[in-house]
Amino acid sequence: MMKKSILAISIGLLIGSQTAFADTDLTSIEARLAAMEQRLQAAEHRADIAEHRAEAAEQQVKNLAATQQKTQATVVQAQAVAQQTEQRTARLEEKNNASDGFEFHGYARSGLLMNDSAAKTQGGPTFTPAGETGGHVGRLGNEPDTYLEMNLEHKQTLANGATTRFKVMLADGQRTYNDWTASSSDLNVRQAFTELGHLPTFSGAFKDSTVWAGKRFDRDNFDIHWIDSDVVFLAGTGAGIYDMAWSDNARSNFSLYGRTFGDIENSENTAQNYILTLNNYMGPVQLMVSGMRAKDNDERRDIDDNLVKKDAANTGVHALLGLHNDSFYGLRDGTSKTALLYGHGLGAEVKTIGADGALLPEANTWRLASYGMTSLGDGWHIAPAVLAQTSKDRYVKGDSYQWATLNLRFIQEFTQNFEMQYETTYQYMDLRPQGYNSRNAVSGNFYKLTVAPTLKASDVGEFLKRPELRLFATWMDWDHRLDNYSSSDSFGSNGFTAGGEWNFGVQMETWF
């Protein structure tokens, strides 16, 4: 932009010129100067306008850039919120899909068992003399029955977060190989109960607890599958609450069950055993304590109105101390469980709590159970189990029942669908019933070895993966004196005596 000082200099130059402007008219010069000044003022005005426009444009650019940045940030934030909402919705839908609606679960086994003469033979995990007091042996290649369980459940999660669950279980067991077995059916409703969980009005230790009522197996029962024996089995009809949480690692269950002794036909004279249980978990440690009462059990009568057992117990206590490891006895990867059980009076039936109404008030029983599973590498897997029990003054004062079972199952992988299973069992028995139920005192050993080529759909080597289809060959033997325990049990029966026995067969087993 030209300044007025420049104009003055220009005028001075024009006036001071001696040759070029000597003859120029002064008026004309002034007019030209005036016109020039007007043009300079106009140029200066236009420059000012242009400068203001440039500044305005620059500010608009800055404002636009800031707006774009805010818009981009808003878009990114909106996208993140939308993604989070979508993820939460997907998780909620997945949870609802997983927890709502009907479910069907089941277990079944069925097989054909014969001896080396293609004739009927004896079998079952409880077929030794110790089986009457819970002394099971290995079940592989030793089951002649068809047994099934069918479980139908309905679950839902309500809008307030509460959950409901209804379950009914049907079960049946057969030892006939025919297709039509209605006349010998043991079809039974074994469970029918309802649970309510995560009730919004519950707080503190009860916040995530589950309340139930009905006929059921206790949720936290556990067993040794290889010998088909529960470590502890609490069941009946009643009510309870699960998962009262005292801390992150401590919780408790509380229940009241009722069981009935005696025959269905004589229900009016049948004593009822009520079992109050507190089951506590502190990390991997379990402490379970039960008390029971069956009023007038010593006055119970049979269907012929005869006194069943005038010296039967009316009360009892039961306790279990358990350790649930997520390793193979702390030695390697795998799992293992160990439990020590004690019962007195009605609690002396330590496996199926409160189920035996013939026990004496003085009865005492100790039971040890332990099993584990682990992989040995190179396609080999192993699952050992120990089950031992001693009981005194059980049914008759001075009686004693002592037995111990050692069981070992191996799995050898060959292909993704074929494995070999090997199982060996040893059981020691020293049984002194003092004439109860016409039983004789015996002691001795039992041995069993089974080889079973097995087909699986997948996951060979997994002990608890089903379904399985098995062929098997089983050899067993026992001491001769065990044949004298009873005239009505398996040992010593026609064609089934000590000296060695071969059994063959096929079996399927499945659960889901």
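Me: What volume does the second largest cavity have?
Reply: This model is predicted. Two cavities of 30 Å³ or more are counted in it. The second largest cavity has a volume of about 40 Å³.

Me: Which class, nonpolar, polar or charged, has six residues in the lining of the second largest cavity?
Reply: The lining includes Arg139, Glu143, Arg409 and Glu509. Leu140 and His225 are also among the lining residues. One lining residue is nonpolar and two are polar. The class with six residues is charged.

Me: How much space lies in the largest cavity?
Reply: Its lining includes Trp212, Asp218, Leu234 and Ile241. Asn253, Phe254 and Ser255 line the largest cavity too. The space in this cavity is about 50 Å³.

Me: Which strand gives the largest share of the lining of the largest cavity?
Reply: Strands S8 (235-247), S9 (250-260) and S10 (272-282) each supply at least two residues of this lining. The largest share is four residues. Those four come from S9.

Me: How many residues in the lining of the largest cavity are nonpolar?
Reply: One residue of this lining is charged. Another four are polar. The nonpolar residues number seven.

Me: Which residue in S9 is the bridge partner of Gly240?
Reply: Strands S8 and S9 run antiparallel, joined by eight bridges. They form a hairpin, with two residues between them. In S9, Gly240 pairs with Ser255.

Me: Which residue in S10 is the bridge partner of Ser255?
Reply: S9 and S10 are antiparallel, and 11 bridges join them. Ser252 stands opposite Asn280 in S10. Ser255 lines the largest cavity. Its bridge partner in S10 is Thr277.

Me: Which residue in S11 stands opposite Asn279?
Reply: Nine bridges join S10 to S11, and these strands run antiparallel. Asn279 is one of the residues lining the largest cavity. Opposite Asn279 in S11 stands Met288.

Me: Which residue in the turn between S10 and S11 has a positive phi?
Reply: S10 and S11 form a hairpin. Two residues lie between the strands. The phi in question is about 65°, and the residue is Gly283.

Me: Which strand gives the largest share of the nonpolar patch?
Reply: This surface patch includes Met282, Val285, Leu321 and Trp366. Together its residues have about 880 Å² of accessible area. Strands S11 (285-293), S12 (315-328) and S14 (364-377) each give two or more residues. The largest share is three residues, and it comes from S11.

Me: In which strand does Leu368 lie?
Reply: Leu368 is one of the residues of the nonpolar patch. Leu406 and Val386 are also among them. The strand that holds Leu368 is S14.

Me: Which strand gives the most to the lining of the largest pocket?
Reply: The largest pocket has a volume of about 1700 Å³. Of its 49 lining residues, the closest to the centre are Glu149, Arg190, Phe217, Asp223 and Asp230. Strands that give two or more residues include S1 (101-115), S2 (146-157), S3 (163-174) and S14. The most, seven residues, comes from S3.

Me: How many residues in the lining of the largest pocket are charged?
Reply: The nonpolar residues of this lining number 16. The polar residues also number 16. The charged residues come to 17.

How values were computed
Residues are numbered from 1 along each chain as its sequence is written. This is a predicted model: local features need pLDDT of at least 70, side-chain atom pairs count only at pLDDT 80 or more; totals for chains, interfaces and linings use all residues. Side-chain values use heavy atoms; hydrogens and water are left out. On a 1 Å grid over the protein atoms alone, a cavity is a set of points where a 1.4 Å probe fits but cannot get out, and a pocket is an open set with protein on both sides within 12 Å along at least five of seven lines; lining residues have an atom within 4 Å of a point. Grid points are joined across faces, edges and corners, and a volume is the space filled by probe spheres set on the points. Ala, Val, Leu, Ile, Met, Phe, Trp, Tyr, Cys and Pro count as nonpolar, Asp, Glu, Lys and Arg as charged, and the others, Gly among them, as polar. Two strands pair if DSSP finds at least two bridges between them. Patches are made of residues with over 30% relative accessible area and no salt bridge: like charges are joined within 9 Å, nonpolar side chains (Val, Leu, Ile, Met, Phe, Trp, Tyr) within 5 Å. Accessible areas come from the Shrake-Rupley method with a 1.4 Å probe; for residues, only the protein chains shown count as cover. A salt bridge is a side-chain nitrogen of Lys or Arg within 4 Å of a carboxyl oxygen of Asp or Glu.
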